[in-house]
Structure formats: C-alpha cells, structure tokens
Amino acid sequence: MENIIVTVILVAILGGAIAYLIKAKKNGQKCIGCPGGCKTCHCKDGKKDA
C-alpha cells in the first residue's frame, strides 16, 4: 500500500512540474529557470555558466 501512495505522490509532483513548464512555454517565457524571465541573467547572451 505504501508503494502506491509514494507512486501517486511522485506522479503528482512530476505532473505539476510538467504542466508548469508547458504553461510557461505557451505564455512565451524564454527562460523558465530564471526568476526575472531572463532579463538580467546569463541566458540573454546565449551563454550558459556551468
């Protein structure tokens, strides 16, 4: 029974994250990982810091 509960929780978390990513991309947000929408981050230059 515990396995089912854990599986349901993981599916809900992953589903929420995927829904958030899809919604953000449909709204035209270029850089989902940046809090400022990539206005002041390294992504604007096309360079990624490792």
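Reader: Which residues make the nonpolar surface patch of about 640 Å²?
Author: This is a predicted model: local features need pLDDT of at least 70, side-chain atom pairs count only at pLDDT 80 or more, and totals for chains, interfaces and linings use all residues. Residues are numbered from 1 along each chain as its sequence is written, and side-chain values use heavy atoms, without hydrogens or water. A patch takes residues with over 30% relative accessible area (Shrake-Rupley, 1.4 Å probe) and no salt bridge (Lys or Arg side-chain nitrogen within 4 Å of an Asp or Glu carboxyl oxygen), joining nonpolar side chains within 5 Å and like charges within 9 Å. The members are Met1, Ile4, Ile5, Val8, Ile9 and Ile13.

Reader: Is isoleucine 9 buried or exposed?
Author: Isoleucine 9 lies in helix α1. Buried means under 20% relative accessible area, exposed over 50%, partly exposed in between. Its relative accessible area is 46%, so isoleucine 9 is partly exposed.

Reader: How far does helix α1 reach from its first C-alpha to its last?
Author: Helix α1 covers residues 2-26, 25 residues in total. A helix here is a DSSP run of H or I, at least four residues. The reach is close to the expected span (1.5 Å times one less than the residue count), and comes to 36 Å.

Reader: Which residues does isoleucine 32 contact, leaving aside neighbours within four places in sequence?
Author: Isoleucine 32 sits in the segment after α1. Its C-alpha is 9.4 Å from that of tyrosine 20, 12 residues away in sequence. Contact means heavy atoms within 4.5 Å. The partners are Tyr20, Leu21, Ala24 and Lys25.

Key: Helix = DSSP H or I, 4+ residues; strand = E, 2+ residues; numbered from the N terminus. Buried < 20%, exposed > 50% of the residue type's maximum accessible area, 1.4 Å probe, protein only.
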